Amino acid sequence: MAARVLNVNVGVLGHIDSGKTALARALSTTGSTAAFDRAPQSRARGITLDLGFSCLRTELPPHLGPGPGELQLTLVDCPGHASLIRTIIGGAQIIDLMMLVIDVTKGMQTQSAECLVIGQIACQKMVVVLNKIDLLPEGKRQSAIEKMTKKMQKTLENTKFSGCPIVAVAAKPGGPEAPESENPQGISELIEVLKSQAYLPSRDPSGHFLMAVDHCFSIKGQGTVMTGTILSGSVSLGDNVEIPALKVTKKVKSMQMFHTPVTYAMQGDRVGVCVTQFDPKLLERGLICTPDSLHTIHAAIISLKKIQYFRGALQTKAKFHITVGHETVMGRVMFFSPAPANFNEEIQENVFDFEKDYLYQEQYLSKDSVSSEENKENDQAGEVQLPKQQWALLEFEKPVTCPKLCLVIGSKLDTDIHANTCRLAFHGVLLQGMEDKNYTETFLPKLKVYKQKHKEGQVERVMDDYSVIGRSLFKKETNIQIFVGLKVKLSTGEDGIIDGGFGQSGKFKIRIPDGLKPDTKMLLSAASKKKSKGGKGDMTKEDESSKNDSAQPVTISLIFKRYVFDTQKKMIQS
């Protein structure tokens, strides 16, 4: 029986030119077809444009189980160039352990910070690698490394990677032009650290097969090979797999893992799948899966959290680059939260309840989005109330193909690359996709998101003990008929019901079922006496203002809610 091989995917992330590819090369023993900047445009530009994969095999450390076996660390070399962040986000979803590569002469840079954010969302463990120590003057090298180590520990203090190992190396002493005879420094120590950090990732062969393909090429006489990492389920020789983006189904003819033929592969494995009669140009990267198991969606409901390093508010109706699975498309967002009474309610994870009512929000609610005015009021009242969970409706500019409950990241990738700012805005989980192109008619009316409306007017005069005339609640052209029957409240405490319009100028009649209080009648008759005293037609501006000062007007409050996606625009009062 062959010794078991445990595969752990290690992401190599960091700022451009921090030496990620050189580090992957120094670590690996077996390069895959996609390793070490094979792409001609990558080599010409001297930067990594795509995810590169290679592997390092070493004996299984004791904490990963008894018996003989090998630990295979699959190194995923992610591009560090800012415009390629969408590739990194795609790569992060298949990573068990992350290496954050830092140029020791420069420290944290913009993309290293973004990689750290992606790591916090998608990864459980991290090792920091301080690279290029050969560039430090020998006499001051140790103290410079210690200084940078302390700095990195401070940076990571408030992240989930607090206290993670930090290792100093020189992956390619002398830089890219140096002769190959120069031996890398610190690599064997790094391998020991990686072995100590490796863990048994939870792998599950059940469920639908889904694989993220990152390279596709043909081999003469064999067919087309799609290489990638299995995200869920398993695949065997002879299985049918679908390429959902192209609506094509193919049979698996042969499979390889790092140049070794295999008949079966499961979640977490890095594999090459060979099919026949398929043009590799049609699929550079994307997903393949069990036939009919993936959905192509036009919109989605997600649960989300804002990324703390993103500066600025997340506004409803704003457009973001939305990364779903391995695709990045433009999308428009609408944020909503539980009704205020349910802000503290525990929400069931990864489920969306269409029976509940939700409150529309102009922007994602966070400590910094609540305006300073509200803060002043709330400071006296204690802590600002924020909901435990918030959601967003995403509407995509073009449809995306993805599994349910996949990771979603929203970013502003059009921000200036050289601006020292985090472009990742929010992350979340896709709870519900909308496959129907006409989802605005067929699906959205089920989504009970409401806006709270509050209108104020004034009582103009008393008609009798049970009715008054109001004004300033509606415009002249408003059809008052649609408001008939709605409840209103007077500032003096009485409850009323809108009975109908009165005249042509937007005035209206209110019925007071329990009758006006004697105090209210006095207040209103004092106001109208003052008005009639002025005589008809010759009331001056001064009289008008003094009238308002002495007799406080009685105000009318109309509060109702309207569901955003209700085609009949009904007004609802609790």
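## A walk through the model, starting at serine 557

Select serine 557 to begin: with 18% relative accessibility, this residue counts as buried. Keep in mind as you go that the whole model is predicted.

**Stop 1: around serine 557.** Colour strand β30, residues 555-563, and you will find serine 557 within it. Now show the side chain of glutamate 456, which joins that of serine 557 through a polar contact of 3.3 Å. Which residues does serine 557 touch, not counting those up to four places away in sequence? Add His454, Lys455, Glu456, Val488 and Lys489 to your selection.

**Stop 2: from lysine 489 to aspartate 495.** One of those contacts of serine 557, Lys489, leads us onward. Select lysine 489 together with aspartate 495 and look at their side chains, which meet in a salt bridge with an N to O distance of 3.0 Å. How accessible are the two partners? Lysine 489 is partly exposed, its relative accessible area being 40%. Aspartate 495 is partly exposed as well, at 48% relative accessibility.

**Stop 3: a salt bridge between two strands.** A search of the whole structure turns up 16 salt bridges, and the next one to select pairs glutamate 397 with lysine 319 at 2.8 Å, N to O. Glutamate 397 sits in strand β22 (residues 390-402) and lysine 319 in strand β19 (residues 319-324), so this pair ties together parts that are 78 residues apart in sequence. Glutamate 397 counts as exposed at 52% relative accessibility, while lysine 319 is partly exposed at 34%.

**Stop 4: the loop leading to β19.** Step back along the chain to lysine 317, in the loop between β18 and β19. What is the sign of phi at lysine 317? Its phi is near 75°, a positive value in a residue other than glycine. For background, most residues other than glycine have a negative phi. Lysine 317 is exposed, with 57% relative accessibility.

Now select aspartate 292, which lies in the loop between β17 (286-289) and β18 (295-306). Here too phi is positive in a residue other than glycine, with a value near 65°. Aspartate 292 has a relative accessible area of 69% and is exposed.

**Stop 5: two cysteines.** While β17 is on screen, pick out cysteine 289, which is buried at 0% relative accessibility. Then jump to cysteine 422, also buried, with a relative accessible area of 12%. If you are looking for disulfides, a search of the whole structure finds zero.

**Stop 6: helix α6 and its charged side chains.** Show helix α6, residues 187-197, and select lysine 195 and glutamate 192; the two are three residues apart, and therefore separated by about one helical turn. Their side chains meet in a salt bridge of 3.5 Å, N to O. Is lysine 195 buried or exposed? Lysine 195 is buried, at 7% relative accessible area, whereas glutamate 192 is partly exposed at 46%. Add Glu59 to see the network of salt bridges that links it with Glu192 and Lys195.

**Stop 7: the largest nonpolar core.** Stay with α6 and switch to nonpolar side chains. The largest nonpolar core has 26 residues, and those with the most contacts inside it are Leu23, Leu27, Met99, Val127, Leu190 and Leu194. Two or more residues each come from β1 (4-14), α1 (20-27), β4 (69-77), β5 (97-103), β6 (125-131) and α6. Which element gives the largest share? That is α6, with five residues.

Centre the view on valine 127. Leaving aside neighbours within four places in sequence, valine 127 is in contact with a list of residues including Leu97, Met98, Met99 and Leu100, as well as Pro165, Val167, Leu190, Val193, Leu194 and Gln197. Apart from this core lies another, of 24 residues; select Tyr364, Leu394, Cys406 and Phe426, which are among them.

**Stop 8: helix α4.** Finish with residues 110-122, the 13 residues of helix α4. From first C-alpha to last, α4 reaches 19 Å, close to the 18 Å expected at 1.5 Å a residue. Why is α4 described as largely enclosed by the rest of the structure? Because 10 of its 13 residues are buried. To see them, select Thr110, Gln111, Ser112, Glu114, Cys115, Leu116, Val117, Ile118, Gly119 and Ile121.

Key. Residues are numbered from 1 along each chain as its sequence is written. This is a predicted model: local features need pLDDT of at least 70, side-chain atom pairs count only at pLDDT 80 or more; totals for chains, interfaces and linings use all residues. Side-chain values use heavy atoms; hydrogens and water are left out. Helices (H or I, at least four residues) and strands (E, at least two) are DSSP runs, numbered from the N terminus. Buried means under 20% relative accessible area, exposed over 50%, partly exposed in between (1.4 Å probe, protein chains only). A polar contact is a pair of N or O atoms within 3.5 Å; within protein, one must be able to donate a hydrogen and the other to accept it, and residues adjacent in sequence count only if both atoms are side-chain atoms. Contact means heavy atoms within 4.5 Å. A salt bridge is a side-chain nitrogen of Lys or Arg within 4 Å of a carboxyl oxygen of Asp or Glu. A disulfide is a pair of cysteine sulfur atoms within 2.5 Å. A nonpolar core is a set of buried Ala, Val, Leu, Ile, Met, Phe, Trp, Tyr and Cys residues joined through side-chain atoms within 4.5 Å. The expected span of a helix is 1.5 Å times one less than its number of residues.
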